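Reader: I am in my first year and would like to learn how such terms are justified. Could you take me through this structure step by step?

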Number of protein chains: 2
Amino acid sequence: MEPQKPPTFDDVAAASERLAGMAVRTPLIESDALNARVGGRVLIKPENLQRMGAFKFRGAYNAISRLSADQWPGGVAACSSGNHAGGVAEAARLCGLAATIVMPEDAPHIKLARTRGAGAEIITYDRHKDDREQIAADISSERSACYISPYDHPDIIAGQGTSGLELMRQAEELGVVPDCLLAPCGGGGLIAGLALAVKHLNPDIEVYAVEPEDFDDHARSLSSGERECNEVLSGSICDALLAPMPGELTFQVNSLLLSGALTVSDDEVRDAIRFAFNDLKLVLEPGGAVALAALLSGRLEVRDRTVALMLTGGNIDGDQFAGILAS
Amino acid sequence: MEPQKPPTFDDVAAASERLAGMAVRTPLIESDALNARVGGRVLIKPENLQRMGAFKFRGAYNAISRLSADQWPGGVAACSSGNHAGGVAEAARLCGLAATIVMPEDAPHIKLARTRGAGAEIITYDRHKDDREQIAADISSERSACYISPYDHPDIIAGQGTSGLELMRQAEELGVVPDCLLAPCGGGGLIAGLALAVKHLNPDIEVYAVEPEDFDDHARSLSSGERECNEVLSGSICDALLAPMPGELTFQVNSLLLSGALTVSDDEVRDAIRFAFNDLKLVLEPGGAVALAALLSGRLEVRDRTVALMLTGGNIDGDQFAGILAS
């Protein structure tokens, strides 16, 4: 691929046009229970209600709808822990392209089933031994398939950012201006797109990435100013947020626009999933619940403030969910 | 109480004004997975996202906000399997009134906890032996508390109907006109309010009540033209829908406006709860899932039609939910 530049707000706006009628315009909802719990006003953007159960469809469709089948006879290829896989598979199906997805063999069954259900071919790899990006790159080249990065591509970043554009428009309809935004962060594509969207519309808004403990590469990278790696590749229940380091393009955006990165433990994530079950009546997967976990754990002072909160995915297996409810 | 007349559309509209800023304006959402499954377009109104996790807050607040503390020094009293209890408790709290609620001793823990959490006093009864309405009537008279019927009062019916008014306005914003509406039915307060609201705005819309097997009093009453009783008082997982017979006022409305009543089995309800978990990412309690169950079970031909679907509550204990996911 050619060297790329990060997208701009205009790219997010263009992506939003492209996604109209294809992605779900997820609602902006409020919970008295959550507002009371944190002492502020929380505007919840439940992207678990998005097509395929996670925000990832946005970026995937934005990228894939721009490809031509003539140029890519093998369709698209991607590597993903699950939600990008589902998004790519569904977007490829809608665009009439084949999709080959490299997924970890221990991915949640629901993510494997959903990806397969959208017609993609799945190739599994061992999270501990194999280089998934290399496998996907080999497939792309062998099959003349376009590689769709999970986060480090301008079309992906811009696509994910459309959720932020929606959020700001929905807040405006309510006559509210968020003071800060919290969103889960793996490779940094979503948070970069969000930051581009929301800070263009309100430069004063503080944007925070939320990461699982031991996967705090953004927190450390923002401190050092360099892209830092995680020391481990697995070990958190947040299967969607285990990217090894910030993306190159995403970090160009995030190092400029983020106010910081917060970290939560797996136990705090389980608490958040239970809170969402009991009080929000939403199904969240671990990676989709980290921003809520940060809020509930008091990682950020939000008393009397208005907080935009991204809940990013709900693809969790029933047995894992049942286990969390029981714990 | 004085003999009452059923409410009109104007009462629903007035209730909507009263509830503005107090009740959640729940979103109208769509799921590609559900649309594909039934071959039609389903507009989902998730009232499990309502304050206290069920639509019941609407009617309770509409009724209670009209009371004066001077007239009712003992506040309010109610009997309820749980969601009306929570709605009444929360509405009373917001209006500065005491609340005494008669609840079955086997009510879900989350419903008991939520009601108690809103500051109500709870008196439990045995579903098989005690007459809950008599207990609540005695309390009302002893304490000078206003009895808040779970369904058979014009303010309750009108309040529940506000969800239908919202639904129609939201559908209009999307440029869609629903052909039919499916909603859960216990005593018939919600479905009566919905029918008043939606048929005023579109007389051609078909409105269907959905009941659990063995609690098909509305189906039989609509057939015979008289209010028929259920033969049993318990035995379905749909704890919210076990009212013994149609209300007097509600049946005056429902016998005129409903197109029919559909029946679903507990297994079909469990399937619907799992579908909502996997594909909608919403937490539903059994009683809140019966309309979805009817749709998924093909009780009504909806191919190429637009269906408004009420999901009415999500207050289910974690262990019961886990059991349903595992079954």
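Reader: What makes helix α5 of chain A a helix that lies across β3 and β4 of chain A?

Author: In this predicted model, helix α5 (residues 109–117) of chain A lies across those two strands, β3 and β4 of chain A, and runs at about 175° to β3(A). Since angles are taken between N-to-C directions and end at 180 degrees, the value of about 175° is to be read on that scale.

Reader: Which strands of chain A does helix α4 touch?

Author: Before turning to that helix, consider the sheet, which is open and has four strands in the order β4-β3-β2-β5 (chain A), with parallel pairing. Because β4 (121–125) and β5 (146–147) of chain A each have a single partner strand, they stand at the edges, and one side of each is left without a neighbour in the sheet. Helix α4 (residues 83–95) of chain A packs on this sheet, where α4 touches β2 and β3 (99–104) of chain A, and its direction makes about 170° with that of β3(A).

Reader: How do you know that β2 and β5 of chain A pair?

Author: Pairing requires at least two bridges, and two bridges join strand β2 (residues 76–79) of chain A to β5(A), so the requirement is met. In this parallel pair, V76(A) stands opposite C146(A).

Reader: Why is strand β9 of chain B called largely enclosed?

Author: Buried means under 20% relative accessible area, and six of the six residues of β9 (residues 306–311) of chain B are buried, so the rest of the structure largely encloses this strand. T306(B), A308(B) and M310(B) point one way, while V307(B), L309(B) and L311(B) point the other way.

Note on methods: Residues numbered from 1 in each chain as written. Chains lettered and ligands numbered in written order. Predicted model: local features only at pLDDT ≥ 70, side-chain atom pairs only at ≥ 80, totals over all residues. Heavy atoms only, no water. Contact = heavy atoms within 4.5 Å. Axes fitted to C-alpha atoms, helices over the stretch in contact; angles between N-to-C directions. Buried < 20%, exposed > 50% of the residue type's maximum accessible area, 1.4 Å probe, protein only.
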